[in-house]
Amino acid sequence: MPRRDTKLRRTGVSRRTALMGMSAGLASLAMPRLGRAADDTIRIGFPTPLTGPFAAEARDQVKCAELAVKLVNDKGGVAGRKVELLVRDDKLNAGEAATRTLELIEKDKVHAVVGALSSAVQLAVNEVTRARSVIYVSISQSDTINEAKDFSKYTFHEALNPHMTTGAVARQTMKKGMKVAHLVADYAYGHEMLRGFKRAQGTIGAETVGEILHPFGAADYSTFMPRLMSLRPDVLCISNFGRDQANAIKQAVDFGIKQQMKIVVPVILHNQRLAVGPDVFEGVVGGANYYWGLETQNKTAAEFNAAFRAANGGAIPTDYGAYGYSGVGSLLQAMQAAGGTDTDKVIAALEALKYDLTKGPQQYRKCDHQSVQSVLVLESKKKSAMANDNDLFAIVASDAGTEDLLRSCSELGHPT
């Protein structure tokens with residue numbers, strides 16, 4: 001009788017492996033840092049994967065980051081200085097990201113860096129920025145970047161993290177005694193989401209009946225679906241990102257999985273729902289940092305949407321786009337409060353900052369610089385329930401932004 005896949009293979013991308021490609025870019029980190037350019041422009045580096053499977057989300061981040069810069073420049077800039085956004089394609093590759101980030105610092109003389117859309121890539125960017133004493137605001141989900149071994153005073157994490165999103169989703173979809181199966185992308189993002197779900201299940205009392213890994217960028221999930229169905233879970237957690245999410249859910253629906261179990265995802269993606277349509281995603285539940293539909297109940301969301309529509313021909317901002325806006329926007333607010341770009345003053349300003357750019361109050365926790373913020377739980381609507389083509393999701397819940405949603409500072413290895 002074939003052995004059932006109930007244990008996670010230890011073949012995921014390790015932190016060491018993910019950063020091996022950085023060696024060429026990091027070789028020059030010991031060189032003395034060159035002076036800033038003589039002009040007064042404030043330059044923000046923005047590495048993001050403009051090519052590859054996360055390109056749709058990356059393009060949205062760029063649009064929203066550009067909007068944040070435009071709105072500040074329209075009001076006279078930061079301390080009277082204009083702001084420039086320097087976008088670079090990191091190609092979803094740690095080595096490429098390290099090289100591009102080093103170029104942004106040494107050649108382009110950026111004053112800070114915002115960006116990245118992969119757990120491993122953001123760690124590569126963070127290695128470069130902290131070695132060069134440059135502020136980095138990460139806008140990609142990660143638990144690792146908040147841990148003491150990867151943290152520095154220059155590191156800020158504006159995005160949600162897997163612990164926050166999986167906890168919020170699990171509380172809305174799981175009950176004591178439920179059986180849960182996991183389909184997991186075999187790299188850092190997937191592993192961190194799996195860990196988050198299992199931790200939440202432990203608190204709730206839901207049982208894991210199986211864990212199956214799939215390769216990053218997989219096109220065919222047909223070998224996994226019968227195995228998942230044989231486990232007979234109440235809930236199937238699909239922990240992947242970008243096109244992988246759309247492909248996995250579509251093939252699960254083709255196999256009739258939705259008739260047997262509830263499909264949940266840690267992060268439900270606006271662009272991937274658009275890619276495959278309402279029938280495929282109907283009933284799928286997932287977490288989100290932002291949804292444009294908040295505008296009916298949140299003034300800040302309405303203002304953000306209006307500004308984005310005005311700059312983008314009436315289009316709406318997306319979830320990961322909002323990270324670009326709040327990541328750059330919070331940095332520029334801190335620079336304004338600091339009166340310029342002095343690194344230590346901007347760090348102090350970020351640590352003291354109370355900001356509300358897209359959905360309500362946020363702040364960076366002192367010990368690990370994680371943005372404390374609300375977590376949305378969304379459910380994809382069926383076609384007949386949609387008021388228009390943008391009416392993709394129903395807001396099931398919104399967990400308030402409190403430190404109770406985070407792992408403790410001591411658990412992360414920070415002094416208390």
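Gln272 lies in helix α10, which covers residues 270–276. The model is predicted. Gln272 has a relative accessible area of 5%, so the residue is buried. The cut-off for buried is under 20%. Leaving aside residues up to four places away in sequence, Gln272 touches Glu57, Gly242, Arg243, Gln245, Ala246 and Phe281.

Thr318 is another buried residue, at 7% relative accessibility. Thr318 sits in the loop between α12 (299–311) and α13 (319–338). A polar atom of the Thr318 side chain lies 3.3 Å from the backbone nitrogen of Gly321. Again leaving out residues up to four places away in sequence, Thr318 touches Asp60, His270, Asn271 and Tyr290. Two of these contacts, His270 and Asn271, fall within the 270–276 range of α10.

Now the sheets. Seven strands make an open sheet with mixed pairing. Their order is β7-β6-β8-β9-β10-β14-β15. Which strands stand at the edges? They are β7 (207–214) and β15 (393–399). Each has a single partner strand, so one side of each is left without a neighbour in the sheet. From one strand to the next, the twist averages 20°.

Within this sheet, look at β6 (residues 179–185) and β8 (residues 235–239). The two strands pair in the parallel sense, over five bridges. Ala181 stands opposite Leu236 in β8.

Helices pack on this sheet. Helix α7 (residues 188–204) touches β6, β7, β8 and β9. The direction of α7 makes about 165° with that of β6. Helix α6 (residues 162–173) lies across β8, β9 (262–267), β10 (285–288), β14 (375–380) and β15. Its direction runs at about 155° to β9. Both helices therefore have β8 and β9 among the strands they meet.

A second open sheet has three strands, in the order β11-β12-β13. Here the pairing is antiparallel. The edge strands are β11 (354–355) and β13 (371–372). Each of them has a single partner strand, so one side of each lacks a neighbour in the sheet. β11 and β12 (residues 362–364) pair over two bridges. Lys354 has Gln363 in β12 as its bridge partner.

Helix α5 (residues 119–131) deserves a separate look. How far should its 13 residues span? At 1.5 Å a residue, the expected span is 18 Å. The end C-alpha atoms are 19 Å apart, which agrees. Is α5 largely enclosed or open to the outside? Of the 13 residues, 11 are buried, so the rest of the structure largely encloses the helix. The buried residues run from Ser119 through Ala120, Val121, Gln122, Leu123, Ala124, Val125, Asn126, Glu127 and Val128 to Thr129. An α-helix has 3.6 residues a turn, so residues three or four places apart point the same way.

The two ends of α5 also have details to note. At the N-terminal end, Ser118 acts as a cap. A side-chain oxygen of Ser118 lies 3.4 Å from the backbone nitrogen of Ala120. After the helix comes Ser133, with a positive phi near 60°.

Last, the record. In an unreviewed entry, UniProt lists residues 41–383 as "domain: Leucine-binding protein". Over that range the chain is 43% helix and 20% strand. The end C-alpha atoms of the range are 48 Å apart.

Conventions
Residues are numbered from 1 along each chain as its sequence is written. This is a predicted model: local features need pLDDT of at least 70, side-chain atom pairs count only at pLDDT 80 or more; totals for chains, interfaces and linings use all residues. Side-chain values use heavy atoms; hydrogens and water are left out. Two strands pair if DSSP finds at least two bridges between them. Helices (H or I, at least four residues) and strands (E, at least two) are DSSP runs, numbered from the N terminus. Axes are lines fitted to C-alpha atoms, for helices over the stretch in contact, and angles run from 0 to 180 degrees between N-to-C directions. Contact means heavy atoms within 4.5 Å. The expected span of a helix is 1.5 Å times one less than its number of residues. Buried means under 20% relative accessible area, exposed over 50%, partly exposed in between (1.4 Å probe, protein chains only). A polar contact is a pair of N or O atoms within 3.5 Å; within protein, one must be able to donate a hydrogen and the other to accept it, and residues adjacent in sequence count only if both atoms are side-chain atoms. UniProt positions are given in the numbering used here, feature names are shortened, and annotations may be inferred rather than shown by experiment.
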